[in-house]
Amino acid sequence: MTTLADLRELIAARTDHKSDPDRPAAGYLLWDTLIAAGITPSINLSSAGRAISIDLPDGTSIWVTEQADVSHHPDDHEAWTALHHYDPADPLGPYHLIYEGPRNLGHTADTAACVDAISAWITAHTAVGALARHNAYVALPKGVPRDARRASWMIGYAKPGFNGRHPTTPTTRHTPTHLDRHLNTHTERRGACLACNWEGPARRHQNAAIEDALDHTHPGWRDLPTLPQSVGGRNATLLRAYRDATFPPGWFDTGGPLKVWTTTANDWHEHSKAPGGGYLIKVHRPAPAPAAHQQQTLL
Ligand SMILES: [Zn+2]
């Protein structure tokens with residue numbers, strides 16, 4: 001367990017000053033503010049560039065410095081930079097910049113804003129479930145750069161449970177939705193539930209994530225029949241009668257999905273389009289080839 005006294009020793013060793021509790025360094029306030037926020041800082045003694053680090057339970061680490069240093073005088077402070085390293089053993093490996101001070105706040109305000117951003121980021125990074133993740137996402141303060149925000153899991157834009165920049169509220173029954181996060185190279189999706197913390201595996205495609213979520217909220221949905229998408233008149237009445245006879249009673253009242261045929265490959269599933277407001281699931285079936293042979297017979 002490292003302490004503020006250790007930090008003083010480290011700074012003393014690096015600046016040729018004797019360890020002096022009264023000699024201020026910008027890192028002391030950062031250290032104390034992190035602890036006051038319930039975050040445990042530590043000192044990476046092996047590297048001059050990582051004076052204060054925060055080790056997270058998943059083995060990743062956040063490093064906070066001003067230009068690889070925390071020992072400068074508070075009056076000389078310009079801005080903290082906080083980096084979340086996903087592989088602490090590899091400083092050049094993947095990371096996100098989660099705070100970069102605007103350089104005009106001063107030492108006290110910059111330290112407070114930095115710890116706010118780190119605290120909100122840790123909440124978002126460690127949250128589990130659609131609600132916790134999305135609500136942590138919308139609570140990220142302005143100081144968290146755009147690239148880092150986009151890399152946080154959030155409920156897909158305008159998808160079930162999405163409530164703009166406002167927190168979302170839980171549903172009383174298991175309700176499917178999906179989460180998105182935008183990494184540098186690609187976007188990931190995962191199915192999730194608005195009533196509990198269930199989450200599906202990360203997927204590249206939205207449809208796969210939604211299907212995972214339906215396995216959780218409406219088991220058995222894959223075995224139900226697939227219907228034509230839109231028909232009018234008498235056919236519509238017949239189709240409704242067939243649907244009512246085939247589907248489990250109350251299926252659509254619980255937000256159950258409806259599978260429909262589509263001739264479009266990779267057609268997107270649509271929420272709120274099933275009879276009870278559940279998902280309309282698109283099942284691809286190519287259009288039949290033109291009946292060329294029949295026409296020849298008629299001629
Ligand atoms: Zn659930």
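**Zinc site, pocket and backbone of the predicted model**

At 23% relative accessibility, His-216 counts as partly exposed, a class lying between buried (under 20% relative accessible area) and exposed (over 50%), as computed with a 1.4 Å probe on protein chains only. The structure is a predicted model, in which local features need pLDDT of at least 70 and side-chain atom pairs count only at pLDDT 80 or more, whereas totals for chains, interfaces and linings use all residues. Residues are numbered from 1 along each chain as its sequence is written, and side-chain values use heavy atoms, with hydrogens and water left out.

His-216 contributes its NE2 atom to the coordination of the zinc ion, together with His-174 (ND1), Cys-193 (SG) and Cys-196 (SG), at 2.1 to 2.3 Å; donors are N, O and S atoms within 2.8 Å of the metal (3.2 Å for Na, K and Ca), and sites may look incomplete as water is not among the atoms. Along the chain, these donors follow the spacing H-x18-C-x2-C-x19-H. The pair Cys-196 and His-216 links distant parts of the chain, 20 residues apart, with Cys-196 in the loop between strand 7 (187–193) and helix 6 (206–217) and His-216 in helix 6; helices (H or I, at least four residues) and strands (E, at least two) are DSSP runs numbered from the N terminus. Cys-196 likewise counts as partly exposed, at 25% relative accessibility. The angles among the four donor atoms are 102 to 115°, and the site is tetrahedral, a label given to four donors if all angles lie between 85 and 135 degrees.

The largest pocket is lined by 14 residues, of which Tyr-86, His-96, Ala-151, Arg-181 and Leu-183 lie nearest its centre. A pocket is an open set of points on a 1 Å grid over the protein atoms alone, where a 1.4 Å probe fits and protein lies on both sides within 12 Å along at least five of seven lines, and lining residues have an atom within 4 Å of a point. Strand 4 (95–100) and helix 3 (107–126) each supply at least two residues of this lining, and helix 3 gives the most, with three residues.

Two residues other than glycine have a positive phi: Gln-67, near 45°, and Ala-158, about 65°. Gln-67 lies in the loop between strand 2 (61–65) and strand 3 (81–85) and counts as exposed at 64% relative accessibility, whereas Ala-158, in the loop between strand 5 (154–155) and strand 6 (176–182), counts as partly exposed at 43%.

Definitions and conventions: Tetrahedral: all angles 85-135°; square planar, octahedral: opposite > 155°, others 65-115°.
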